[in-house]
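Grab a viewer and let's work through a few exercises together. Try each one yourself before reading the solution.

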Amino acid sequence: MAEEVPAKGSILGKLVPARYVLAILGSIGMAIVYGLKVNLSVAMVAMLNHTAIHLMQEKATTHMISNVSTIAHDAVEECHPPGEVSNVTVKVEDGPFSWSEPLQGTLLSCYFWGYLVSQIPLAHVAENFSAKWVMLFSVAINVICTLLTPVFTSAHYGGLIVMRVLEGIGGGASFPAMHVMIASWAPPSERMVMSTIIYVGTSAGTALSILMSGVLSASLGWESIFYVMGALSCIWMALWIILIQDNPNKQRFISPEERHMITSSLGTETKVEHHPKVPWGKVFTSVPFWAILIAHTCNNFGWYMFLIEIPFYMKQVLKFNVASNAALSALPYFPMIIFSIFLGKMLDTLQSKGKISTTAARKTATSICTIIPGICLLILCFIGCRHYKAVSIMSVGIVAMGAMFSGFLSNHIDIAPNFAGTLVALTNTAATLPGIIVPIFVGFVTHGNQNIGAWRIIFGVTIVLFTLEFLVFVIFGSGAEQSWNRSGDQQEIEAKDEKTPLKDNVPIKP
(Lines give C-alpha, C1' and ligand atoms only; values in the text may rest on other atoms or scores of the structure.)
Protein backbone atom coordinates (compact mmCIF):
# COMPACT_ATOMS: atom_id res chain seq x y z
CA MET A 1 0.00 0.00 0.00
CA ALA A 2 1.28 3.49 -0.83
CA GLU A 3 2.17 5.92 1.95
CA GLU A 4 -0.76 7.96 3.27
CA VAL A 5 -1.13 11.36 1.57
CA PRO A 6 -2.33 14.51 3.37
CA ALA A 7 -6.14 14.80 3.58
CA LYS A 8 -7.35 18.17 2.26
CA GLY A 9 -11.12 17.61 2.35
CA SER A 10 -13.67 16.51 -0.24
CA ILE A 11 -13.71 18.40 -3.54
CA LEU A 12 -17.40 19.12 -2.83
CA GLY A 13 -16.94 19.90 0.85
CA LYS A 14 -19.22 18.39 3.48
CA LEU A 15 -22.12 18.30 1.01
CA VAL A 16 -20.81 15.18 -0.78
CA PRO A 17 -18.18 13.11 1.09
CA ALA A 18 -15.32 11.61 -0.90
CA ARG A 19 -16.78 8.09 -0.77
CA TYR A 20 -19.95 9.32 -2.46
CA VAL A 21 -17.95 11.21 -5.07
CA LEU A 22 -16.55 7.77 -5.87
CA ALA A 23 -20.05 6.23 -5.88
CA ILE A 24 -21.43 8.88 -8.24
CA LEU A 25 -18.49 8.76 -10.66
CA GLY A 26 -18.51 4.96 -10.44
CA SER A 27 -22.19 4.96 -11.34
CA ILE A 28 -21.54 7.23 -14.32
CA GLY A 29 -18.66 4.99 -15.38
CA MET A 30 -20.91 1.92 -15.28
CA ALA A 31 -23.52 3.91 -17.21
CA ILE A 32 -20.98 4.66 -19.93
CA VAL A 33 -19.86 1.04 -20.22
CA TYR A 34 -23.43 -0.25 -20.43
CA GLY A 35 -24.60 2.60 -22.63
CA LEU A 36 -21.89 1.94 -25.20
CA LYS A 37 -22.67 -1.78 -24.99
CA VAL A 38 -26.37 -1.50 -25.80
CA ASN A 39 -26.32 1.37 -28.32
CA LEU A 40 -25.77 -1.09 -31.16
CA SER A 41 -29.09 -2.80 -30.37
CA VAL A 42 -30.97 0.38 -31.29
CA ALA A 43 -28.49 1.57 -33.92
CA MET A 44 -28.78 -1.71 -35.82
CA VAL A 45 -32.51 -1.14 -36.32
CA ALA A 46 -31.57 2.00 -38.27
CA MET A 47 -28.48 0.44 -39.90
CA LEU A 48 -30.31 -2.48 -41.54
CA ASN A 49 -31.85 -2.46 -45.00
CA HIS A 50 -35.08 -4.16 -43.95
CA THR A 51 -36.50 -4.21 -47.47
CA ALA A 52 -33.49 -6.02 -48.92
CA ILE A 53 -33.41 -8.49 -46.01
CA HIS A 54 -37.13 -9.25 -46.50
CA LEU A 55 -36.58 -9.90 -50.21
CA MET A 56 -33.67 -12.21 -49.40
CA GLN A 57 -35.90 -14.15 -47.03
CA GLU A 58 -38.63 -14.50 -49.65
CA LYS A 59 -36.14 -15.88 -52.16
CA ALA A 60 -34.76 -18.28 -49.57
CA THR A 61 -38.19 -19.69 -48.77
CA THR A 62 -38.71 -20.71 -52.39
CA HIS A 63 -35.71 -23.05 -52.13
CA MET A 64 -36.45 -24.63 -48.77
CA ILE A 65 -39.27 -26.35 -46.91
CA SER A 66 -39.84 -25.45 -43.30
CA ASN A 67 -43.02 -26.83 -41.84
CA VAL A 68 -42.51 -25.03 -38.57
CA SER A 69 -42.02 -21.66 -40.20
CA THR A 70 -44.93 -22.19 -42.59
CA ILE A 71 -47.34 -23.23 -39.86
CA ALA A 72 -46.21 -20.44 -37.54
CA HIS A 73 -46.45 -17.82 -40.27
CA ASP A 74 -49.92 -18.94 -41.36
CA ALA A 75 -51.44 -19.53 -37.95
CA VAL A 76 -49.98 -16.71 -35.86
CA GLU A 77 -51.46 -13.24 -35.74
CA GLU A 78 -49.57 -10.65 -37.81
CA CYS A 79 -49.32 -7.24 -36.13
CA HIS A 80 -49.80 -3.89 -37.84
CA PRO A 81 -48.11 -0.66 -36.76
CA PRO A 82 -49.85 1.01 -33.79
CA GLY A 83 -52.74 3.30 -34.68
CA GLU A 84 -55.48 3.09 -37.26
CA VAL A 85 -53.26 2.79 -40.33
CA SER A 86 -54.63 -0.35 -41.95
CA ASN A 87 -55.25 1.42 -45.25
CA VAL A 88 -52.03 3.39 -45.23
CA THR A 89 -48.77 2.12 -46.68
CA VAL A 90 -46.15 2.37 -43.98
CA LYS A 91 -42.76 3.47 -45.20
CA VAL A 92 -40.00 1.07 -44.20
CA GLU A 93 -36.97 2.78 -42.67
CA ASP A 94 -33.94 1.31 -44.38
CA GLY A 95 -30.24 1.59 -43.66
CA PRO A 96 -27.23 0.56 -45.77
CA PHE A 97 -26.55 -2.99 -44.48
CA SER A 98 -28.25 -6.19 -45.61
CA TRP A 99 -27.23 -8.46 -42.75
CA SER A 100 -29.13 -11.72 -42.22
CA GLU A 101 -30.65 -12.56 -38.82
CA PRO A 102 -27.85 -15.03 -37.93
CA LEU A 103 -25.22 -12.41 -38.80
CA GLN A 104 -27.10 -9.82 -36.77
CA GLY A 105 -27.01 -12.22 -33.82
CA THR A 106 -23.26 -12.66 -34.26
CA LEU A 107 -22.66 -8.91 -34.40
CA LEU A 108 -24.63 -8.38 -31.20
CA SER A 109 -23.08 -11.31 -29.36
CA CYS A 110 -19.42 -10.82 -30.31
CA TYR A 111 -19.11 -8.13 -27.60
CA PHE A 112 -19.33 -10.96 -25.12
CA TRP A 113 -16.44 -12.88 -26.69
CA GLY A 114 -14.09 -10.26 -25.28
CA TYR A 115 -16.16 -9.86 -22.11
CA LEU A 116 -15.88 -13.59 -21.44
CA VAL A 117 -12.07 -13.81 -21.45
CA SER A 118 -11.12 -10.54 -19.73
CA GLN A 119 -12.87 -10.59 -16.36
CA ILE A 120 -10.78 -13.03 -14.30
CA PRO A 121 -7.33 -11.70 -15.33
CA LEU A 122 -8.44 -8.07 -14.97
CA ALA A 123 -9.98 -8.84 -11.56
CA HIS A 124 -6.53 -10.09 -10.51
CA VAL A 125 -4.97 -6.85 -11.76
CA ALA A 126 -7.60 -4.77 -9.93
CA GLU A 127 -7.09 -6.61 -6.62
CA ASN A 128 -3.31 -6.63 -6.73
CA PHE A 129 -2.41 -3.46 -8.65
CA SER A 130 -5.03 -0.73 -9.12
CA ALA A 131 -8.80 -0.92 -9.51
CA LYS A 132 -8.86 2.78 -10.42
CA TRP A 133 -6.75 2.29 -13.54
CA VAL A 134 -8.50 -0.93 -14.50
CA MET A 135 -11.82 0.92 -14.45
CA LEU A 136 -10.32 3.75 -16.51
CA PHE A 137 -9.10 1.17 -19.04
CA SER A 138 -12.60 -0.30 -19.15
CA VAL A 139 -14.18 2.99 -20.14
CA ALA A 140 -11.33 4.25 -22.35
CA ILE A 141 -11.23 1.24 -24.67
CA ASN A 142 -15.03 1.41 -25.02
CA VAL A 143 -14.87 5.10 -25.91
CA ILE A 144 -12.10 4.68 -28.48
CA CYS A 145 -13.76 1.71 -30.20
CA THR A 146 -17.15 3.46 -30.21
CA LEU A 147 -15.67 6.47 -32.00
CA LEU A 148 -14.05 4.18 -34.59
CA THR A 149 -17.14 1.99 -35.14
CA PRO A 150 -18.72 3.89 -38.09
CA VAL A 151 -15.47 3.83 -40.09
CA PHE A 152 -14.73 0.14 -39.47
CA THR A 153 -18.35 -0.91 -40.04
CA SER A 154 -18.54 0.89 -43.38
CA ALA A 155 -15.42 -0.95 -44.51
CA HIS A 156 -16.68 -4.44 -43.60
CA TYR A 157 -18.81 -6.08 -40.93
CA GLY A 158 -15.62 -7.77 -39.75
CA GLY A 159 -14.43 -4.35 -38.61
CA LEU A 160 -17.53 -4.02 -36.45
CA ILE A 161 -16.81 -7.43 -34.94
CA VAL A 162 -13.26 -6.35 -34.01
CA MET A 163 -14.52 -3.15 -32.37
CA ARG A 164 -17.19 -4.98 -30.40
CA VAL A 165 -14.78 -7.66 -29.17
CA LEU A 166 -12.37 -4.98 -27.95
CA GLU A 167 -15.24 -3.16 -26.23
CA GLY A 168 -16.14 -6.43 -24.54
CA ILE A 169 -12.59 -6.85 -23.24
CA GLY A 170 -12.84 -3.42 -21.64
CA GLY A 171 -16.38 -3.98 -20.40
CA GLY A 172 -15.33 -7.18 -18.65
CA ALA A 173 -13.18 -5.15 -16.26
CA SER A 174 -15.99 -2.93 -14.97
CA PHE A 175 -17.70 -5.14 -12.38
CA PRO A 176 -14.50 -6.61 -10.86
CA ALA A 177 -12.91 -3.16 -10.68
CA MET A 178 -15.92 -1.59 -8.97
CA HIS A 179 -16.30 -4.50 -6.54
CA VAL A 180 -12.68 -3.93 -5.48
CA MET A 181 -13.31 -0.18 -5.16
CA ILE A 182 -16.37 -0.84 -2.98
CA ALA A 183 -14.26 -3.19 -0.85
CA SER A 184 -11.78 -0.37 -0.22
CA TRP A 185 -14.20 2.52 0.23
CA ALA A 186 -17.60 1.40 1.58
CA PRO A 187 -18.07 1.26 5.36
CA PRO A 188 -19.94 -1.97 6.20
CA SER A 189 -23.00 -0.02 7.34
CA GLU A 190 -23.23 1.71 3.94
CA ARG A 191 -22.26 -1.22 1.75
CA MET A 192 -25.68 -1.82 0.17
CA VAL A 193 -26.35 1.89 -0.42
CA MET A 194 -23.03 2.50 -2.17
CA SER A 195 -23.29 -0.70 -4.19
CA THR A 196 -26.79 0.21 -5.34
CA ILE A 197 -25.77 3.74 -6.33
CA ILE A 198 -22.85 2.43 -8.36
CA TYR A 199 -24.56 -0.47 -10.10
CA VAL A 200 -27.83 1.31 -10.80
CA GLY A 201 -25.70 3.22 -13.31
CA THR A 202 -26.04 0.19 -15.56
CA SER A 203 -29.79 0.88 -15.78
CA ALA A 204 -29.32 4.62 -16.23
CA GLY A 205 -26.77 4.06 -18.98
CA THR A 206 -29.04 1.58 -20.71
CA ALA A 207 -32.02 3.96 -20.64
CA LEU A 208 -30.12 7.03 -21.78
CA SER A 209 -28.28 5.09 -24.47
CA ILE A 210 -31.46 3.63 -25.94
CA LEU A 211 -33.20 7.01 -25.83
CA MET A 212 -30.27 8.96 -27.29
CA SER A 213 -29.66 6.33 -29.95
CA GLY A 214 -33.23 6.56 -31.20
CA VAL A 215 -33.22 10.35 -31.31
CA LEU A 216 -29.78 10.62 -32.92
CA SER A 217 -30.42 7.94 -35.56
CA ALA A 218 -33.75 9.49 -36.52
CA SER A 219 -32.34 13.02 -36.79
CA LEU A 220 -28.65 12.75 -37.69
CA GLY A 221 -28.19 9.20 -38.96
CA TRP A 222 -26.88 6.03 -37.33
CA GLU A 223 -23.24 7.18 -37.37
CA SER A 224 -24.04 10.04 -34.98
CA ILE A 225 -24.92 7.54 -32.24
CA PHE A 226 -21.31 6.44 -31.97
CA TYR A 227 -19.68 9.84 -32.47
CA VAL A 228 -21.82 11.79 -30.00
CA MET A 229 -21.94 9.17 -27.24
CA GLY A 230 -18.23 8.42 -27.55
CA ALA A 231 -17.24 12.08 -27.38
CA LEU A 232 -19.41 12.84 -24.33
CA SER A 233 -17.86 9.94 -22.44
CA CYS A 234 -14.38 11.52 -22.63
CA ILE A 235 -15.36 14.05 -19.95
CA TRP A 236 -15.76 11.29 -17.37
CA MET A 237 -12.23 9.98 -17.94
CA ALA A 238 -10.67 13.32 -16.97
CA LEU A 239 -12.76 13.54 -13.79
CA TRP A 240 -11.96 9.94 -12.82
CA ILE A 241 -8.19 10.46 -13.18
CA ILE A 242 -8.20 13.65 -11.08
CA LEU A 243 -10.77 12.90 -8.38
CA ILE A 244 -10.55 9.14 -7.67
CA GLN A 245 -7.97 7.01 -5.89
CA ASP A 246 -7.83 3.30 -5.05
CA ASN A 247 -8.41 3.76 -1.32
CA PRO A 248 -8.90 6.53 1.28
CA ASN A 249 -5.22 6.53 2.30
CA LYS A 250 -4.23 7.58 -1.23
CA GLN A 251 -6.98 10.21 -1.59
CA ARG A 252 -6.09 13.83 -0.92
CA PHE A 253 -9.64 15.08 -1.59
CA ILE A 254 -11.00 13.65 1.66
CA SER A 255 -11.39 14.94 5.20
CA PRO A 256 -9.25 13.37 7.97
CA GLU A 257 -12.47 12.43 9.79
CA GLU A 258 -13.94 10.59 6.83
CA ARG A 259 -10.66 8.80 6.14
CA HIS A 260 -10.46 7.59 9.73
CA MET A 261 -14.11 6.52 9.76
CA ILE A 262 -13.69 4.39 6.61
CA THR A 263 -10.32 2.84 7.45
CA SER A 264 -11.27 2.04 11.05
CA SER A 265 -14.53 0.38 9.96
CA LEU A 266 -12.71 -1.69 7.35
CA GLY A 267 -9.63 -2.46 9.42
CA THR A 268 -7.26 -0.78 6.95
CA GLU A 269 -5.57 1.76 9.23
CA THR A 270 -2.32 -0.22 9.01
CA LYS A 271 -0.51 -1.29 5.88
CA VAL A 272 -1.26 -4.68 4.34
CA GLU A 273 1.75 -6.22 2.63
CA HIS A 274 -0.14 -8.45 0.26
CA HIS A 275 -3.62 -9.49 -0.75
CA PRO A 276 -4.56 -12.98 0.53
CA LYS A 277 -4.41 -15.79 -2.00
CA VAL A 278 -7.71 -17.03 -3.38
CA PRO A 279 -8.61 -20.45 -1.91
CA TRP A 280 -9.75 -21.82 -5.25
CA GLY A 281 -10.60 -25.30 -4.00
CA LYS A 282 -12.90 -23.99 -1.29
CA VAL A 283 -14.49 -21.50 -3.67
CA PHE A 284 -15.45 -24.17 -6.18
CA THR A 285 -16.82 -26.47 -3.49
CA SER A 286 -18.90 -23.73 -1.86
CA VAL A 287 -22.66 -24.27 -2.27
CA PRO A 288 -23.55 -20.55 -1.75
CA PHE A 289 -21.03 -19.60 -4.44
CA TRP A 290 -22.61 -22.01 -6.91
CA ALA A 291 -26.05 -20.65 -6.02
CA ILE A 292 -24.84 -17.16 -6.98
CA LEU A 293 -23.22 -18.43 -10.18
CA ILE A 294 -26.35 -20.28 -11.35
CA ALA A 295 -28.63 -17.38 -10.41
CA HIS A 296 -26.35 -14.88 -12.16
CA THR A 297 -26.18 -16.97 -15.32
CA CYS A 298 -29.91 -17.68 -15.58
CA ASN A 299 -30.86 -14.10 -14.73
CA ASN A 300 -28.51 -12.72 -17.35
CA PHE A 301 -30.32 -14.73 -20.02
CA GLY A 302 -33.48 -12.82 -19.13
CA TRP A 303 -31.61 -9.54 -18.66
CA TYR A 304 -30.00 -9.72 -22.09
CA MET A 305 -33.35 -10.75 -23.56
CA PHE A 306 -34.82 -7.45 -22.35
CA LEU A 307 -31.65 -5.44 -22.94
CA ILE A 308 -30.69 -6.55 -26.43
CA GLU A 309 -33.67 -8.20 -28.06
CA ILE A 310 -36.73 -6.19 -26.96
CA PRO A 311 -35.96 -3.40 -29.49
CA PHE A 312 -36.09 -6.06 -32.23
CA TYR A 313 -39.33 -7.51 -30.85
CA MET A 314 -40.87 -4.06 -30.92
CA LYS A 315 -39.66 -3.47 -34.48
CA GLN A 316 -40.29 -6.91 -35.99
CA VAL A 317 -43.50 -7.91 -34.20
CA LEU A 318 -45.16 -4.77 -32.85
CA LYS A 319 -44.01 -2.67 -35.86
CA PHE A 320 -42.93 0.43 -33.94
CA ASN A 321 -40.76 2.91 -35.88
CA VAL A 322 -37.20 3.68 -34.77
CA ALA A 323 -37.97 6.79 -32.70
CA SER A 324 -40.97 5.26 -30.92
CA ASN A 325 -39.07 2.01 -30.50
CA ALA A 326 -36.19 3.76 -28.72
CA ALA A 327 -38.42 5.88 -26.49
CA LEU A 328 -40.57 2.96 -25.39
CA SER A 329 -37.57 0.65 -24.94
CA ALA A 330 -35.88 3.23 -22.69
CA LEU A 331 -39.00 4.09 -20.69
CA PRO A 332 -38.85 1.35 -18.01
CA TYR A 333 -35.23 1.91 -17.04
CA PHE A 334 -35.96 5.22 -15.31
CA PRO A 335 -38.49 3.78 -12.82
CA MET A 336 -36.15 0.80 -12.52
CA ILE A 337 -33.52 3.14 -11.05
CA ILE A 338 -35.96 4.46 -8.45
CA PHE A 339 -37.23 0.99 -7.61
CA SER A 340 -33.70 -0.40 -7.22
CA ILE A 341 -32.61 2.31 -4.79
CA PHE A 342 -35.88 2.10 -2.83
CA LEU A 343 -35.67 -1.68 -2.50
CA GLY A 344 -32.00 -1.58 -1.48
CA LYS A 345 -32.65 1.05 1.18
CA MET A 346 -35.73 -0.78 2.47
CA LEU A 347 -33.90 -4.11 2.81
CA ASP A 348 -30.91 -2.39 4.42
CA THR A 349 -33.22 -0.73 6.96
CA LEU A 350 -35.00 -4.00 7.75
CA GLN A 351 -31.63 -5.71 8.29
CA SER A 352 -30.31 -2.97 10.56
CA LYS A 353 -33.47 -3.25 12.69
CA GLY A 354 -33.08 -7.01 12.92
CA LYS A 355 -36.34 -7.70 11.11
CA ILE A 356 -34.74 -9.90 8.44
CA SER A 357 -31.39 -11.59 7.94
CA THR A 358 -28.98 -10.91 5.10
CA THR A 359 -29.91 -14.27 3.60
CA ALA A 360 -33.62 -13.40 3.66
CA ALA A 361 -32.91 -10.01 2.07
CA ARG A 362 -30.91 -11.52 -0.79
CA LYS A 363 -33.50 -14.24 -1.42
CA THR A 364 -36.37 -11.74 -1.35
CA ALA A 365 -34.71 -9.47 -3.90
CA THR A 366 -33.71 -12.38 -6.14
CA SER A 367 -37.26 -13.76 -6.00
CA ILE A 368 -38.62 -10.41 -7.17
CA CYS A 369 -36.24 -10.25 -10.14
CA THR A 370 -37.23 -13.75 -11.29
CA ILE A 371 -40.93 -14.27 -10.52
CA ILE A 372 -42.29 -10.96 -11.80
CA PRO A 373 -40.31 -10.88 -15.11
CA GLY A 374 -41.24 -14.53 -15.70
CA ILE A 375 -44.95 -13.78 -15.26
CA CYS A 376 -44.62 -10.77 -17.59
CA LEU A 377 -43.04 -12.90 -20.33
CA LEU A 378 -45.81 -15.47 -19.91
CA ILE A 379 -48.42 -12.76 -20.43
CA LEU A 380 -46.55 -11.50 -23.51
CA CYS A 381 -46.91 -14.95 -25.06
CA PHE A 382 -50.67 -14.48 -25.22
CA ILE A 383 -51.24 -10.73 -25.36
CA GLY A 384 -50.95 -10.64 -29.15
CA CYS A 385 -50.84 -7.29 -30.96
CA ARG A 386 -52.15 -5.10 -28.17
CA HIS A 387 -49.22 -2.77 -28.66
CA TYR A 388 -49.24 -0.54 -25.62
CA LYS A 389 -50.45 -3.26 -23.25
CA ALA A 390 -47.48 -5.33 -24.42
CA VAL A 391 -45.14 -2.39 -23.78
CA SER A 392 -46.62 -1.92 -20.29
CA ILE A 393 -46.10 -5.59 -19.44
CA MET A 394 -42.50 -5.46 -20.70
CA SER A 395 -41.91 -2.34 -18.62
CA VAL A 396 -43.11 -4.02 -15.42
CA GLY A 397 -40.78 -6.95 -16.09
CA ILE A 398 -37.76 -4.70 -16.67
CA VAL A 399 -38.46 -2.60 -13.55
CA ALA A 400 -38.72 -5.77 -11.43
CA MET A 401 -35.34 -6.94 -12.68
CA GLY A 402 -33.80 -4.00 -10.83
CA ALA A 403 -34.10 -6.12 -7.69
CA MET A 404 -31.02 -8.06 -8.82
CA PHE A 405 -28.75 -5.28 -7.51
CA SER A 406 -29.94 -6.05 -3.96
CA GLY A 407 -30.10 -9.78 -4.61
CA PHE A 408 -27.52 -12.18 -5.98
CA LEU A 409 -25.45 -9.40 -7.61
CA SER A 410 -24.28 -8.05 -4.23
CA ASN A 411 -24.17 -11.46 -2.56
CA HIS A 412 -20.47 -11.97 -3.38
CA ILE A 413 -19.53 -9.34 -0.79
CA ASP A 414 -21.61 -11.17 1.83
CA ILE A 415 -20.04 -14.59 1.52
CA ALA A 416 -16.40 -13.56 0.93
CA PRO A 417 -15.68 -9.81 1.10
CA ASN A 418 -11.92 -10.36 0.80
CA PHE A 419 -12.38 -11.92 -2.65
CA ALA A 420 -15.35 -9.89 -3.93
CA GLY A 421 -13.61 -8.89 -7.16
CA THR A 422 -12.56 -12.43 -8.01
CA LEU A 423 -15.96 -13.93 -7.17
CA VAL A 424 -17.91 -11.46 -9.31
CA ALA A 425 -15.43 -12.07 -12.13
CA LEU A 426 -16.08 -15.81 -11.89
CA THR A 427 -19.87 -15.58 -11.82
CA ASN A 428 -20.00 -12.79 -14.38
CA THR A 429 -17.79 -14.83 -16.71
CA ALA A 430 -20.29 -17.69 -16.60
CA ALA A 431 -23.13 -15.18 -16.88
CA THR A 432 -21.54 -13.82 -20.05
CA LEU A 433 -22.47 -16.97 -21.95
CA PRO A 434 -26.13 -15.88 -22.23
CA GLY A 435 -24.92 -12.65 -23.79
CA ILE A 436 -23.35 -14.73 -26.55
CA ILE A 437 -26.17 -17.24 -26.80
CA VAL A 438 -29.22 -14.95 -26.67
CA PRO A 439 -28.65 -12.97 -29.91
CA ILE A 440 -27.66 -16.11 -31.83
CA PHE A 441 -30.60 -18.04 -30.40
CA VAL A 442 -33.07 -15.27 -31.24
CA GLY A 443 -31.60 -14.88 -34.74
CA PHE A 444 -31.95 -18.62 -35.34
CA VAL A 445 -35.55 -18.83 -34.10
CA THR A 446 -36.71 -15.71 -35.94
CA HIS A 447 -34.86 -16.41 -39.19
CA GLY A 448 -37.57 -16.05 -41.84
CA ASN A 449 -40.13 -16.23 -39.04
CA GLN A 450 -40.42 -12.77 -37.48
CA ASN A 451 -43.76 -13.12 -35.74
CA ILE A 452 -45.30 -13.69 -32.33
CA GLY A 453 -45.13 -17.47 -32.68
CA ALA A 454 -41.33 -17.43 -32.84
CA TRP A 455 -41.08 -15.07 -29.89
CA ARG A 456 -43.30 -17.35 -27.80
CA ILE A 457 -40.57 -19.98 -28.08
CA ILE A 458 -37.95 -17.42 -27.02
CA PHE A 459 -40.00 -16.19 -24.07
CA GLY A 460 -40.78 -19.78 -23.00
CA VAL A 461 -37.09 -20.70 -22.75
CA THR A 462 -36.45 -17.56 -20.70
CA ILE A 463 -39.29 -18.42 -18.29
CA VAL A 464 -37.80 -21.87 -17.68
CA LEU A 465 -34.43 -20.32 -16.79
CA PHE A 466 -36.06 -17.79 -14.45
CA THR A 467 -37.74 -20.71 -12.67
CA LEU A 468 -34.43 -22.55 -12.32
CA GLU A 469 -32.77 -19.43 -10.90
CA PHE A 470 -35.54 -18.94 -8.33
CA LEU A 471 -35.45 -22.53 -7.09
CA VAL A 472 -31.65 -22.80 -6.85
CA PHE A 473 -31.08 -19.50 -5.06
CA VAL A 474 -33.98 -19.81 -2.63
CA ILE A 475 -32.89 -23.34 -1.65
CA PHE A 476 -29.08 -22.98 -1.65
CA GLY A 477 -28.31 -19.25 -1.42
CA SER A 478 -26.81 -17.69 1.72
CA GLY A 479 -25.90 -14.25 3.03
CA ALA A 480 -23.48 -15.55 5.68
CA GLU A 481 -19.74 -15.02 5.46
CA GLN A 482 -18.03 -18.28 4.51
CA SER A 483 -15.16 -19.68 6.57
CA TRP A 484 -12.77 -19.64 3.62
CA ASN A 485 -13.00 -15.84 3.40
CA ARG A 486 -10.42 -15.69 6.19
CA SER A 487 -7.81 -17.61 4.23
CA GLY A 488 -5.02 -16.17 6.36
CA ASP A 489 -6.47 -17.62 9.55
CA GLN A 490 -5.82 -21.16 10.67
CA GLN A 491 -9.09 -21.74 12.48
CA GLU A 492 -12.62 -21.72 11.15
CA ILE A 493 -14.82 -18.75 11.91
CA GLU A 494 -18.47 -18.60 12.68
CA ALA A 495 -20.84 -17.34 9.99
CA LYS A 496 -21.33 -13.60 10.22
CA ASP A 497 -23.83 -11.20 8.75
CA GLU A 498 -23.41 -8.60 6.02
CA LYS A 499 -21.66 -6.14 8.31
CA THR A 500 -18.42 -8.12 8.12
CA PRO A 501 -15.49 -5.78 7.32
CA LEU A 502 -14.53 -5.98 3.68
CA LYS A 503 -10.80 -6.19 4.28
CA ASP A 504 -8.85 -8.19 6.81
CA ASN A 505 -5.32 -7.36 7.81
CA VAL A 506 -3.24 -10.38 6.87
CA PRO A 507 -0.47 -10.92 9.41
CA ILE A 508 3.02 -10.71 8.00
CA LYS A 509 4.93 -13.88 8.66
CA PRO A 510 8.53 -13.40 9.88
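**Exercise 1.** Among contacts in the protein between residues at least 6 apart in sequence, what percentage join residues at least 24 apart?

Solution. Keep in mind that this is a predicted model. Take the contacts between residues at least 6 apart in sequence, then keep those that join residues at least 24 apart: you end up with 85%. For the backdrop, count the secondary structure: the protein has 22 helices and zero strands. Next, the burial: of the 510 residues, 59% are buried. Last, the surface: about 20,400 Å² is exposed, and 68% of that comes from carbon and sulfur atoms.

**Exercise 2.** Work out whether serine 109 is buried or exposed, and which residues it is in contact with.

Solution. Start by placing serine 109: it sits in helix H4, which covers residues 101-109. Now check the number. Its relative accessible area is 0%, so serine 109 is buried, given that the cut-off for buried is under 20%. Then skip the neighbours within four places in sequence, and the contacts of serine 109 are Gly435, Ile436, Pro439 and Ile440.

**Exercise 3.** Find which helix gives the most to the nonpolar surface patch, and decide whether valine 151 is buried or exposed.

Solution. List the patch members: Ile144, Leu148, Val151, Phe152 and Tyr227, with about 440 Å² of accessible area together. Helix H6 (residues 131-155) gives the most, with four residues. Valine 151 lies in helix H6. Its relative accessibility is 53%, so valine 151 counts as exposed, since the bar for exposed is over 50%.

Conventions: Residues numbered from 1 in each chain as written. Predicted model: local features only at pLDDT ≥ 70, side-chain atom pairs only at ≥ 80, totals over all residues. Heavy atoms only, no water. Helix = DSSP H or I, 4+ residues; strand = E, 2+ residues; numbered from the N terminus. Buried < 20%, exposed > 50% of the residue type's maximum accessible area, 1.4 Å probe, protein only. Contact = heavy atoms within 4.5 Å. Patch = residues over 30% accessible without salt bridge, like charges linked within 9 Å, V, L, I, M, F, W, Y side chains within 5 Å. Areas by Shrake-Rupley, 256 points an atom, 1.4 Å probe, with all protein chains shown as cover. Salt bridge = Lys/Arg side-chain N within 4 Å of Asp/Glu carboxyl O.
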